[in-house]
Amino acid sequence: MTLPLAKFEEPRDQVNFYGLSRSALAALLDERVGMSRYRADQLFQWVYQKEVRDPEKMTNIKASDRERLQQLFFFPELGFQTRQISKDGTRKYLFSVSEDHQVESVMIKQPTRMTLCVSSQVGCALGCKFCRTGTMGLIRHLRADEILFQVLSVIEDARNFGDMFTNMVFMGMGEPLHNYDAVTGAIRILTDDFGLALSQRKITVSTVGLVPAIRRFLEEQIPANLAISLNATTNEIRSQIMPINRKHPIEELLGVLRDAKLAPRKRFTIEYVMLGGLNDTPEDLKRLSQLLRNLPCKINLIPYNDNAGLGYETPPSERVHQWQNELNSHGMTATIRWSKGQDIDAACGQLVTQSTKQKKSARLAMIDSVTP
Ligand code: SAH
Ligand code: SF4
């Protein structure tokens, strides 16, 4: 289905409301409008909870202040460029971020819940070999307002289907911890009691394993769960399929997780993309249990999504189930994440939009410059 073009609006003289944290908003109100800081709480409630995005309608604010708010802020009109609906009910939304580039969000329908998967970058610098987004290279980071825009637009559209997401994951295009400030800024707005007030237990950031950024994320107690894409049990294979492993090998990655002081009942998610014949051997299974022993985590087994078309094999489903059973019998919690929305190219590793393909060497150079 194609709807009229909707896109993120370019920054202009006015301030885009959606990128502002409540404290940044309070400072701005104080400085530019001379309004008390507590007005930021009210504004957040109007915009995110009552969904009133026209200052004229904010009735508990006096007329002269409403006028100044109108001059100071703009609220990009929510919407998307296209929406596709899969046979399995999964919906994929395409958003324009500029003339040439788009990002995608996916609403994944599961029996008991609905997960919203959002993008954090246009493309990705990390170049994992099994991931189509990785073939794009990094085009640019999204801003916090652009991340919020995806969420707000999907919420609005979900009403047409009578549903709403129950969980949200940063597993769309891009490496969220490479775009740390925008992603954590968006999370703070999403979980703010005066904002969307989403539960921090319902938000997950998935990372390729940028160790210094993981450390910072944990130290700063960003209100979200962390999922780590481990995807191999030896440095040899991991470096082969995930170039970042040459910089931050497995021991260092799991080390930072082991050192973390997690809140009670909190666990990491360890993601493991199973690539048939490459990282799913019986030895891998043994090593995986050993590597994760005593780590507070659950494991997500993700059979390689062959639609990515990058030459790897999807493991037979018996093997995936065998891995799950074996891990569970060692006292771990392993779940299988079968691809959803494959018919509309919405599944893991398939997200790629029109853009200039970058040369491999340029991509690797970028990995070296990834600074958390
Ligand atoms: N950059 C982040 C989040 C986006 S990728 C990360 O790498 O974690 C989200 C998940 O999709 C990751 O666990 C990644 O390993 C997985 N993935 C990528 N390509 C895939 C493919 N072709 N099949 C299955 N999973 C894939
Ligand atoms: Fe980037 Fe994640 Fe894809 Fe790797 S798997 S290329 S980090 S999006």
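Here is a short chat about the two ligands, one pocket and a few residues of this predicted model.

User: Let's start with ligand 1. How many residues surround ligand 1?
Analyst: Since this is a predicted model, take it as a computed picture. The closest residues around ligand 1 are Phe130, Gly174, Ser206, Ser229 and Asn305. Strands E10 (203-207), E12 (268-274) and E13 (297-303) each supply at least two residues of that shell. Counting the whole shell, the number is 21.

User: How does the shell around ligand 1 divide by class?
Analyst: Ser206 and Ser229, both among the closest residues, count as polar, and so does Gly174, because Gly is placed in the polar class. For the whole shell, the split is 11 nonpolar, 8 polar and 2 charged residues.

User: Which residue has a backbone N or O atom 2.9 Å from a nitrogen atom of ligand 1?
Analyst: Let's go through the contacts. The side chain of Glu175 has an N or O atom 3.1 Å from a nitrogen atom of ligand 1, and the side chain of Asn231 has one 3.2 Å from an oxygen atom of the ligand. Those two are side-chain contacts, whereas the backbone contact at 2.9 Å comes from Asn305.

User: How much of the accessible area of ligand 1 does the protein cover?
Analyst: On its own, ligand 1 has 530 Å² of accessible area. The part of that area covered by the protein is 95%.

User: Is Asn231 buried or exposed?
Analyst: Asn231 sits in the loop between E11 and helix H7 (235-241). Its phi is positive, about 65°, although it is not a glycine. Most residues other than glycine have a negative phi. Its relative accessibility is 1%, and because anything under 20% falls in that class, Asn231 counts as buried.

User: Where does Thr204 lie, and what is its relative accessible area?
Analyst: Thr204 is in strand E10, one of the strands that supply residues to the shell around ligand 1. Met168 is 36 residues away from Thr204 in sequence, yet the two are 6.4 Å apart in space, C-alpha to C-alpha. Thr204 is buried, with a relative accessible area of 12%.

User: How far apart in space are Val169 and Ser206, C-alpha to C-alpha?
Analyst: Val169 belongs to strand E9 (residues 167-170) and is buried, at 11% relative accessible area. Ser206 is among the closest residues to ligand 1. In sequence the pair is 37 residues apart, but in space the distance is 7.2 Å.

User: Now ligand 2. Which residues surround ligand 2?
Analyst: By class, its shell has 5 nonpolar, 3 polar and 1 charged. Glu counts as charged, so the charged one is Glu175. The full set is Cys124, Leu126, Gly127, Cys128, Cys131, Gly134, Gly174, Glu175 and Val208.

User: How far apart in space are Cys128 and Val208?
Analyst: Cys128 is found in the loop between strand E7 (121-123) and strand E8 (138-141), and at 12% relative accessibility it counts as buried. Both Cys128 and Val208 belong to the shell around ligand 2. They are 80 residues apart in sequence, and their C-alpha atoms are separated by 8.8 Å.

User: What is the relative accessible area of Ser119?
Analyst: Ser119 is in the loop between strand E6 (114-117) and E7. Gly174 is 55 residues from Ser119 in sequence and 6.1 Å from it in space, C-alpha to C-alpha. Ser119 is buried, and its relative accessible area is 0%.

User: Which element gives the most to the lining of the second largest pocket?
Analyst: This pocket has a volume of about 390 Å³. Of its 19 lining residues, the closest to the centre are Leu218, Glu219, Gln221, Lys261 and Leu262. Helix H6 (211-219), strand E11 (225-229) and helix H8 (250-259) each give two or more. The one that gives the most, with 4 residues, is H6.

User: How does the lining of that pocket divide by class?
Analyst: Leu218 and Leu262 are among the residues closest to the centre, and they count as nonpolar because Leu is in that class. The whole lining divides into 10 nonpolar, 3 polar and 6 charged.

User: Is Gln221 buried or exposed?
Analyst: Gln221 lies in the loop between H6 and E11, with a positive phi near 50°. Its relative accessibility is 63%, and because that is over 50%, Gln221 counts as exposed.

Note on methods
Residues are numbered from 1 along each chain as its sequence is written. Chains are lettered from A and ligands numbered from 1 in the order in which they are written. This is a predicted model: local features need pLDDT of at least 70, side-chain atom pairs count only at pLDDT 80 or more; totals for chains, interfaces and linings use all residues. Side-chain values use heavy atoms; hydrogens and water are left out. On a 1 Å grid over the protein atoms alone, a cavity is a set of points where a 1.4 Å probe fits but cannot get out, and a pocket is an open set with protein on both sides within 12 Å along at least five of seven lines; lining residues have an atom within 4 Å of a point. Grid points are joined across faces, edges and corners, and a volume is the space filled by probe spheres set on the points. A residue is near a molecule or strand if one of its heavy atoms lies within 4 Å of it. A polar contact is a pair of N or O atoms within 3.5 Å; within protein, one must be able to donate a hydrogen and the other to accept it, and residues adjacent in sequence count only if both atoms are side-chain atoms. Accessible areas come from the Shrake-Rupley method with a 1.4 Å probe; for residues, only the protein chains shown count as cover. Buried means under 20% relative accessible area, exposed over 50%, partly exposed in between (1.4 Å probe, protein chains only).
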